[in-house]
Every structure is written in C-alpha cells, then in structure tokens.
Amino acid sequence: MKVFLLLIFLLLGPWCGLMLHGQNVYYVKPDGSNSTNGLSDESAWNPEKLNATYISPGSTVLFKRNSTFNFTLKIEQSNITYGGYGTGTDPVISGFITLKSWSKLSGHVYYASLEVPTLNMVTIDGNIKPMGRYPKSGYLAYTSHSNNNAISGTSVSTIPFDPSGGEVVIRKDRYILDRHPITSKSGNTINYGIDKYFYGNSNAYSPQDGNGYFIQKHLGTLTADGDWFYDAAAKKLYVYFENNAPDARVVKASALNANVLLNTMKGVVFNNITFEGANEYGAYHVGTSDITYNNCNWRNQGGDGVYGISISNLTINGGSIDGSFNAGIQVEHHGQNTVINNVTVKNSGMVAGAGRSGDGAQIGIFVYGQATKITNCSVINSGYNAIDFSGGEQSLIENNFIDTYCAVKDDGGGIYTYTATNSIIKNNIILNAVGAYAGAEWGYWEPHGKAAGIYLDQGIDNHHITVSNNTIAHGDWAGIFVNNNGHNKITNNISYDLFYSLLISDFSGPRNNEIVDNQFIAKKTTQYPFHIEMGFADNLSQLGSFDRNVFARPIDDDKTFSVYRNYKEGGGRQYMSLESWKAATKLELNSTKSPRAITNENSLLFEYNNSNIDKSITLSGSFTDFKKNLYSGRLVLKPFTSIVLIQIPGGMGRVSITSTSNMICSTLPPEFNALSENGGERAKYQWKINGIAAQISTSNKFSPVNLKANDIISCDLINPDISETPIATSNSITMIAGAAPPVVNIGSNQLNVCEGSMISFVATVQNRPINIKFIWKKNGAVVADNVNGDTYSTSSISNADQITCTIIGEASTCLPAFEIVSNSLVVSTTKIKIPGISISKDLSAMTPNSLITFTASVTDSGNSPAYQWKVNKIHVGGNSKSFSTSSLKDKDVVSCDLTATGECITNETVSSNEIEITFVKGLISPPTAFSPNGDGVNDVWNINDLTYYENCVVKVFAINGAQVFQSKGYQVPWDGRYNNNLCNAGVYYYAIDLGDKKKITGPLLIIR
C-alpha cells in the first residue's frame, strides 16, 4: 500500500502542484490570511502562510508596498521572483521588534523583556546605537598576555566595575579586533574564553603586548544616553535613558537572525525590497546560484547586509546597504561570478566591537572567489577595507567611488587584494584614508594610520594585477602599495597627497612590475612620491620596468625618493632626487618631476569626477598639470577621472607684437618685435605666417623676407618651464601693399616744468619709411636736425615755448619725397623759488627768567612750510612761525630752520640768522648786616640779583684777615657759619668779584 501511494505521488505530485499553486502571482500583506489562495490583494496571505506554502518554480510573490513584514523569509523553492505591489514605499522585511513596558533598575537604567539568543543591533528613535562600552572611546592598554586566554596590565585595575561576565574586545593586530567573553578578573588580569554564539574566529590570532582593549556587553558600561546591554540569561535588555523617560523613546531590537534565508536555491530574483534589522544577516546564501537583487536596500544590519558562501552568479544591481555592523556585502569563500553593480554601500563596520572576530571583518564589500565584478559602486565609511577581493582570478574592479576607509582597523586599503590574480583594478576614485593607530601601539615604529588606497598584498608572489587610471588621494600612508609581489602592471594612475604616493616592500625580491605613465604627487613637505623598504641588498634595477612617470614634490624636489635599507649595514633611510635615483638604478630614464616649484601647498588644485557624466569645472586663474598641459577658464573631466593642477602665478602669460612697418614695399624689410609677460626665464617665441610655423627661438625679434600682401604675422609664447604647449597667442599684423603716407606725432613725459629742468620730446611715426630726418623746432626756430633723431631733450626752455617736429624723407619706390609737420606742444614753466627766513625778538629788555618771543619772517616758503626752532643749535621748538620761552640763559643763541614745500623750490631747508641773548643785570648792593640767630628774620646774608652772576666769587674775612666764607656763584646765601660753627658777633669784611674786573667790597656786621 505504501508503494502504491508513493507511485501515485510521483506521478501526480507535479500536476497537483500546478493545480494548487501554478506559475501564479501571489500577494502577501502583514494582516493577510492563512486560509485564502493569495491570488489577489483581497485574498492575500500573511507571512506565515507564505513560509508554509509550496510555491511552484516560475511564480512571483509580491509584498504589499508601504508595509513592514516582521519575519524571516525562508526560501525553499528555486526560480521565484519577489517584489512589491500597490503604491508607496518599497515593502520592508524587518527583524526588528519594538520594546515597551520598561521598568527602572536604578538611576537612569531601565529594562524591558526580550528573548533572543544574542543581540547585536539596537536602534533608538531610528538611530543605530552600539552597546555600552568602557572606556567610551579609545582603548585601555595591556602589557602582557597568556596564550589566547588572558591579558594583563595596570589598566585592568582602573576599570570601575568587575567586568566578569562581560565581553573584552582586543586589538590583537592592526587588522584584527576580536571579541571574547570574560570568564573572570584577577588583579590586573582579565581571563577570557570563546563566544559560542557569535560568528567569526577569535582563536586565529594571539594578543600583541602593548596594544589595547575595551569592555562591553556589561551592565557597568551603561553611563550615557542610548548605552545598552543584553542579558541573555535574564532575557532583559538594559538601556540608559538620560531623560528617565523610556516610554517617550522608540527602542527597537533585532529579534531575528536573518531577513531572508536561501539554502541551495537558484534562479531567485528580488526586486525593490528593503531588508532591515537582522541580528546577523540581511540576506543569507549557502550553495546558491543565479540569485539576483534589483534595486533592493539593506539597512541597520547587526552583521552583514548580504552574506554568501559557496555560491555562484550572485548579482546585486542597484540599491544600497547602509549601517552594517560587520560587512555591507560578504562572500566569505568559494564565490563564482559575483556581480555587484551600482550599489551604494555606507557605514560598514564603523563600530569597534560590533563586527565579527578574525579576518575579513568590518569591510564594505568583501568577495573571495573567481571572476568577481564590482563596478559603479560607492563605498563610503568603512571600518576596514572598502573593497576586498581575493581567492581567484579574472576579477574586475571598475568605476567605483571609495571615501573614508580603515576607520576602525588598518593595515588595509580602499581596494585590497591578497591572493587574487589576473585581475583588473581601473578607473576607481579612492579618497580619504583614515587609518587606526590607537589601540595598535605594539607597532610603535609606525605611529600613524596604515591605510593604502590600493593594496596588493603578499598573499601570492605573482599577482598579475593591472592597476590603471585610478585616483588615490588624501591619507597618512600609501597611495599604491605593492607588498612583496610582482608581475603587476600599474599605469596611468594619479596618487596624490599621501605620505607615500607609491610604496614598495622589497623583502623577497619582487620582479617584473611594470610601473609606467603614472603621476605620484606629494602635496606637503612631509610626503614622498616614492618609498621602498628593503629587507636585503636587492638590485633595484631588477624590480621591473619603471618609466615615463611623474614623481613630483613641488615644494622640495630634492627629496622625491625615500629608500629605507632595513638590513644589517644597509645604512637606514636615504632621500634622493629624481636625477640621483635615475643614476643609481637606471630606472625612470624618461620620467619627470614637477613642472614648476611652489612654496605653498595652496598653489595645488585637486579635482575629480566620480559620476558617469562629464563634469565641468570653472578655474580661477591659470594652471598647468604635471605633464605640462595648460588650463584656464573651464576644465572638463571625463567620468571617473581626476587631475592635479599647479597654479601659474600672474596668469597664463601674454604676448603682443609690433612691427616697424606693415607695408610690403618698404626698402628695408619690416622687423617684428614681441613683448611678453610670464613667459619665464627661458621663454620661446613661435613666429607664424598665415598660421604656419616660420621660426621658433628665444629671440623676441622676427625679420622675415619675401612677405606678400595679406600675409598675417602672429606669435605664440611658450614657457618651457611649464609646458611646450603655447601659453599665449599674440595679436596679428596683416601686411599691405603700397605705402601709406607717414604720420608724425610728438609727445612728452611732462609739459609743466621748472625753469632749467630737462624735458624730453619723442616723435612717433606711423607708416615709418627708412632713412627719415627729424627737424625739431622751438617757436619756429630749428633746435635739432638729426637723421633718425626721434628724441629731443633740452633744459633751455621758457614759458609758452612751442615745440614741433618735422620729418623729411626722400622719394622711394612707395613714397614721393615728403616733409610732414607734427602736432605742436606748448610748454609751461615755473620760476625757481629760493626760500628765505629771518627771525627777530620782541623789544622788551631781557632779564633772566623773563618770557621772550621770537618771530620768523619768510619768503617763497610754499603752501605748507615747516619750522624748527633751535637754541644753541639744538631743536627746542615746534612747527610754528613764532617761538616763546622763559628758559634762556645768558649768551644762549636762538635760530630757526625753514623747510619749504611746493614745486620748483631749491634749497628746500634754509636756516635763519642767529640772535644771542644778553641779559640786563641789576645793581649789586649787599646788605651791611644780618642776624643769624634762628628767629627767622635776616638769618642769612641775602644779596639781591647776585644769582644772575653765575661765575661770581664771594669771600668774607674776619677782622684779623682770616677767611670764614667763600662761594663761586651765590645760589645759597651765607648763614654766618664757619666750619659749621656760628661766627661771633662783630664786624667782618666781604669781597665780591663779579667778573669783567668788577669788584665790590665793604664791611659786614653780624648781630646776635
């Protein structure tokens, strides 16, 4: 009976399937039914019905738009198409649940019930929130370890809680960030194990002493708004709410491990569906083939947006992946013909400690397999590599835009490959390498971020990778890094503003690398276009074919090449110019350096076009690129190209030409002269006749013969220091037949002059024939008669003199004899002025300390004369016509300097006469008695007016002739003392010598 029933099933089963669920279109909506046929919106299924129903190959399943489906789509039939129906936004398949019913634990920490095996993704108010950690940023240092079981360091004792039961995130290498459950803490040691719930391999690498770690997955880490911790044993999610109002917040957690599961399926197509909130996988593929996603989007994924292993012909076309804690796209191994086109991948692996452990984690796009194609994608903000392809051949990485990578881990790249071969990396734009040195201090000898734009790693000796027409810019490490491998072809790339534009590691003798036609440009003095690190004394000339490159360090081209011989007796680091590198290696024989030197990096301009259409750029000024092509006005960049320009100070250059004649019939052939600006010290002039090159030289003069009527003469200016391409084209001069009559005009540099000044007149002759005579006339009288004397200078000129010039020429083939008079110039002259000054004083008698006023009288002093008064030739007075003082002394001498202003003034500064001060002195009449008894009356011998005699000598004698007082000058009156003792009362005698043989004597009575 069992055999009979089985036979019926085998015979009728397929027909039953078609009868029940043929190649139909099925509709699904969140509130659909379990009991309808699903063939319309009215009879739409719910998600559970969909997962429980057999769908025939070739059928289509449509999810209602503007709806969210909280389930895991489990696909167990091949050749099914999934999409949306109705209006509104794309349908969303979500792993999120919204948490409510919060209870307070303590302080700002609340909890809600949640039952999941493990939790990696939480959003609050629509924003991704990483779990709490200690410290909040950066790393704690560990200084020792025990196998791969424990780390130790004094920092352990600073952790403000017991981290046991939590998770330690250890920076084991620059590119490894492993997660381990903490089993215990003992003193300064953290003991840890392996997390059986989280994917990734944390056993492959051991800690490196000196690196860093931090703690997460522990209640003690919740100290800031949004910090969370999931306790799987207690089935509770703990969250720190700063405002203590959890019910006012929308908290979502990943309750499902994946959004869609495909196991060994093929021919499945997804159109315009959004996947969100899975704890590990947005889309999970194992052993699948021919799976296609068209314009689908993944967001807020706790692990990978798209994950695959042992798959073929996976195609992701259009759409976006934003906010994956591990990788945006990860084909872990055995991928065949993976195609990723026009996908925007953002914010992948940007949270330390949220990605998987081991290799290949926190990457924008990672594909390990054969014939991978990643094209027209934007990969922005990647924790580690932006694009990583390895493990096969015939891959194509083309027209991708990469911005900001290696932000969490480093020793990686914007585009990285380890074991890929025979593949192409072309037309990509890679910007803003970050690098992550913090936490990796074990590598102290490289205290900077290690992120290369294009990283050809040493997983295989002979990569056979073609790297062409890429742009790499901005970073603290390498542009293109060739790490100990050969047979690569690196051509037509631009690598700019990086510590090393081209970096080669030579520890095993890489060979047969072809590096040609690239531009390696250092922006700063701390950067180098080329660096090679050698682990042995290799013959550098055998590295491969290196030629026609630009190695530019425009601020200092003497340090273009950096060579580090990292071996015994290697000599360490050496810097070389391009010329010395050529001589030492016989490489780069046709390579060039910067077309011009600069002193400021602001003279450099970098532009790129990461779109699929031409980009127009308006230039402010004139520029040259590093291959000496010139640009000004507007620049057009083709898709996925870039350019680095150097500004040309003063502009592109200008040139204009003049000619002695433009007439064919001149007896003497015309000579052309070029006037140029910004042509450089080695300027060249390309003379042309009717647009055809006729002469090129460093001479700015051109004397062609056999010119014809209507021939057009022009000149191109070439600055060889910038480019061999002309930087400017002159005006043109058209030759004419016959001879036009000459015209003469005269001019002068000035027509208003001072009498006796030199004045020059210049005659300009249009249509100038040869051998003409110039006759200069003043007021009709000949003053100069010269052949070819087109200049007349004279100092014999008077006011209203009239100057003309007559040119006289003999008859010639083209002209009859002529005598032509110029225009007339009238000269205005100004008489020469000689300034003068005299001073006088007021007529009052002069006595010491009296106020005396002096007054200056001036002639021809101009509009704003300046005065400088002097006493005994020393400046004392201000800028005034008068000067008053009461500080003069006898015999002082007063004078004044005048500085005249204005035109036609000679001797602008003159000095006045001098006035000597003589004071009128009063009659000296000494008192005949005084009483130095201390009563305040006549205690000293005051002699009026004697102080005026500064050099007088005063002596007093006792009656016996003994001298009791002497003073030169009499500034301090005598107080009747001798040797500090009061003299006795009685009669004394004085003798006063006033000078000029004038003496006064007499008796003096001292009264007590």
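These notes cover the aromatic pairs, one buried strand residue, one helix and two charge-over-ring contacts in a predicted model.

1. Aromatic pairs. Ring pairing is frequent enough to be listed by number: the count comes to 52 aromatic pairs. One of them joins Phe-275 and Tyr-293, whose ring centres are 6.4 Å apart with 80° between the planes, an edge-to-face arrangement. This pair links distant parts of the chain, 18 residues apart, with Phe-275 in strand β25 (residues 274-276) and Tyr-293 in strand β27 (residues 292-294). Both Phe-275 and Tyr-293 are buried.

2. A second pair. Phe-530 and Phe-551 have ring centres separated by 6.2 Å and planes at 90°, so this pair too is edge-to-face. Here the link spans 21 residues, from Phe-530 in strand β52 (residues 528-534) to Phe-551 in strand β54. Phe-530 is buried, as is Phe-551.

3. Aromatic cluster. Phe-275 and Tyr-293 also belong to one aromatic cluster, whose other members are Phe-63, Phe-69, Phe-71, Tyr-82, Phe-270 and Trp-298.

4. Val-550. Strand β54 (residues 550-552) contains Val-550. Its relative accessibility is 2%, and because buried means under 20%, Val-550 counts as buried. Leaving aside neighbours within four places in sequence, Val-550 is in contact with Asn-518, Gln-519 and Phe-520, with Thr-592 and Lys-593, and with Phe-626 and Lys-627. For Lys-593, the C-alpha to C-alpha distance from Val-550 is 5.5 Å, although the two residues are 43 apart in sequence.

5. Helix α3. Which residues of helix α3 (residues 578-585) are buried? Leu-578, Trp-581 and Thr-585 are. These residues cover an arc of only 60° around the axis, which means that they lie on the same side of α3. The buried residues of α3 pack against four strands by name: β52, β54, β55 (561-565) and β56 (572-576). Two of these strands were met above, since β52 holds Phe-530 and β54 holds Phe-551. After α3 comes Lys-586, which has a positive phi, near 65°.

6. Charges over rings. Two such contacts are worth checking in the viewer. Arg-573 lies over the face of Tyr-564, 5.5 Å from the ring centre. Lys-615 places its charged end over the ring of Tyr-608, at 5.4 Å from the centre of that ring.

Note on methods: Residues are numbered from 1 along each chain as its sequence is written. This is a predicted model: local features need pLDDT of at least 70, side-chain atom pairs count only at pLDDT 80 or more; totals for chains, interfaces and linings use all residues. Side-chain values use heavy atoms; hydrogens and water are left out. Helices (H or I, at least four residues) and strands (E, at least two) are DSSP runs, numbered from the N terminus. Buried means under 20% relative accessible area, exposed over 50%, partly exposed in between (1.4 Å probe, protein chains only). Contact means heavy atoms within 4.5 Å. Rings of Phe, Tyr and Trp (its six-membered ring) pair if their centres lie within 6.5 Å; planes under 30 degrees apart count as stacked, over 60 as edge-to-face and the rest as tilted. A charge sits over a ring if NZ of Lys or CZ of Arg is within 6 Å of the ring centre and within 35 degrees of the ring normal. The arc is that of the directions from the helix axis to the C-beta atoms.
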